[in-house]
Amino acid sequence: MMVKKSFAKVNIFLKIVGVRDNYHLLASRFVLVKDLYDEVSFIEKSVDSFTLIGDFSCSLEKNTVYKAYKELEKYEIVREFFKKYIVKIDKKIPEFAGLGGGSSNCATFLNMVNDICNLNLTKDELSKIGAKIGADIPFFIYEYDSANVSGIGEIVEEFIEEPLKIEVVTPNILCNTALIYKTFRENYYKELDKEKAKELFATNSKDILKSFSIKEANDLYESALSLNPDLKEFEKEKWFFSGSGSSFFKVL
Ligand SMILES: C[C@](O)(CO)[C@H](O)COP(=O)(O)OP(=O)(O)OC[C@H]1O[C@@H](n2ccc(N)nc2=O)[C@H](O)[C@@H]1O
Ligand SMILES: Nc1ncnc2c1ncn2[C@@H]1O[C@H](COP(=O)(O)OP(=O)(O)OP(=O)(O)O)[C@@H](O)[C@H]1O
C-alpha cells in the first residue's frame, strides 16, 4: 500500500492583477498548512474499473482525482495499475473552505502515479495536466512549502522563508469560488500594479501580514462577505481570509 499526505494551503495574500477571458490573473503567496492534510492511499485490490473511495460531496465524474486518472489512462501501465489497486482518500480538509482540498488531492494523486508507474513526467508536465483540471492544482504539484503564484494559478515560483505555523478556522459556511470571483468582477474589481506585486513577491509572509488588513490582504474578501455576511462574525485581529473562503487563518 502507498500513502501520501495531501496538504491544505492558505493564501497569505491574494491580489488581482488583471483578467484573462473569464479568469482573473493573480499575485498570491500560497503556503502549505503542514498539520492539516488528507491522506491518499493506493490499496491492492482487484477491480474491473477505476475505484475511488472517500467522503466526497460530488460524483466520481466530478472528482478532481478521477479527472486526473482520465488524463493519465492513455498510458497502459496506468490502466493496468488501477485494475490491481484502488484509491482511498481519508478526507480531513473541509470542502468549499478556501483550503484547496480537492486541488491538493488531485496533485498528490498525479505525483503518486508518476512515481509508482515510472511515467517520468516532469513537474512542469504534471502541472500542465493539473492546470486543465483546476487553477490551484499546479501549486500542489511542485510541493513547495511556500510559493509565489501568478497567471491564473499556473505560474509557481518557490519562495524561501522560515516555515510558518498556521492556525485555521473554517466556519460552517460554504463559499462558492466561481460566484465570489463573478461578484468581485462585477462589483469590487480593482487591479494591483505590477511594481507593487513584485514588491509583495519579494517580502516574507509575516512582514506582509503585519502591514495588511484582512481586506487588503485578500481582494476576494469583500465579495465573499457580500455573499456570506455571516463571515463578519469571524473577523478578528490578526486573522486573515484564505482564497475564496470560508476559512480564516492566523500565522502564529
Ligand atoms: C481562489 C483560489 O482558490 C485561490 O487560491 C483560486 O484562485 C481558485 O482555484 P480553484 O478553486 O481551483 O478554481 P477552479 O476550480 O479552477 O475555478 C473555479 C472558478 O473560479 C474562477 N476563477 C478561478 C481562478 C482564477 N484565477 N480566476 C477565476 O476567475 C472561474 O470562474 C472558475 O470557473
Ligand atoms: N478530491 C476531492 N476532495 C474534495 N472535494 C472535491 C474533490 N474532487 C472534487 N471535489 C469537489 O470540488 C468542490 C470544491 O472542493 P474543495 O473546496 O475541496 O476544492 P478546491 O476548489 O481545491 O478548494 P477551495 O475550497 O480552496 O476552492 C466541491 O464541489 C467538491 O465536491
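In this predicted model, Glu 80 and Lys 83 pair up in a salt bridge, with 3.2 Å between the closest N and O atoms. The spacing makes sense: both residues belong to helix α2 (residues 76–84), and because they are three residues apart there, about one helical turn separates them. Side chains of opposite charge can pair when their charged atoms come close. The Glu 80 pairing has company, as the structure holds 20 salt bridges.

Another salt bridge brings in the domain layout. The chain is assigned two domains, with domain 1 covering 2–158 and domain 2 covering 166–251. Measured out over C-alpha atoms, their centres sit 23 Å apart. Where the two domains meet, 32 residues on the domain 1 side are in contact with 37 on the domain 2 side. Together the domains bury about 2600 Å², and carbon and sulfur atoms account for 60% of that area. Three residues do a good part of the work for domain 1: Ile 12, Lys 15 and Phe 96 supply 23% of the area it buries against domain 2, which no other three residues exceed.

What about charge and polarity at this interface? Just one salt bridge is found across it. Lys 15 forms a salt bridge with Asp 219, and the closest N and O atoms of that pair are 2.9 Å apart. Polar contacts are also found across the interface, with 21 residue pairs making them. On the domain 1 side, β1 (2–20), β2 (23–44) and β5 (146–151) each put in at least two of the residues that touch domain 2. The largest share belongs to β1, with eleven residues. Sorted by class, this side of domain 1 has 18 nonpolar residues, eight polar ones and six charged ones.

Two ligands are part of the model, and ligand 1 comes up here with 16 residues around it. The nearest of these are His 24, Ala 135, Asp 136, Ile 152 and Tyr 181. Asp 136 also makes a polar approach, with a polar side-chain atom 2.6 Å from an oxygen atom of ligand 1. Two further side chains reach ligand oxygen atoms: the side chain of Asn 11 has an N or O atom 3.1 Å from one, and for the side chain of Lys 9 the distance is 3.2 Å.

Ligand 2 has 19 residues around it, and Ser 57, Phe 96, Gly 98, Gly 100 and Ser 103 come nearest. Phe 96 thus turns up again, having already been named among the residues that domain 1 buries against domain 2. Gly 100 uses its backbone, placing a polar atom 2.9 Å from an oxygen atom of ligand 2. Nitrogen atoms of the ligand are approached too: a polar side-chain atom of Lys 91 lies 2.9 Å from one, while a backbone N or O atom of Thr 64 lies 3.0 Å from one.

Finally, the backbone has a couple of oddities. Most residues other than glycine have a negative phi, and most peptide bonds are trans. Asn 118 goes the other way on phi, with a positive value of about 50° despite not being a glycine. Asn 118 sits in the loop that links α3 (101–116) and α4 (123–133). The peptide bond from Gly 245 to Ser 246 is cis, its omega being near 20°. Ser 246 is likewise a loop residue, placed between β8 (240–241) and β9 (248–251).

Terms used. Residues numbered from 1 in each chain as written. Chains lettered and ligands numbered in written order. Predicted model: local features only at pLDDT ≥ 70, side-chain atom pairs only at ≥ 80, totals over all residues. Heavy atoms only, no water. Domains from an automatic or database assignment. Contact = heavy atoms within 4.5 Å. Buried area = accessible area lost by both parts, 1.4 Å probe. Salt bridge = Lys/Arg side-chain N within 4 Å of Asp/Glu carboxyl O. Polar contact = N/O pair within 3.5 Å; in protein donor to acceptor, adjacent residues only side chain to side chain. Helix = DSSP H or I, 4+ residues; strand = E, 2+ residues; numbered from the N terminus. Nonpolar A, V, L, I, M, F, W, Y, C, P; charged D, E, K, R; others polar. Near = heavy atom within 4 Å.
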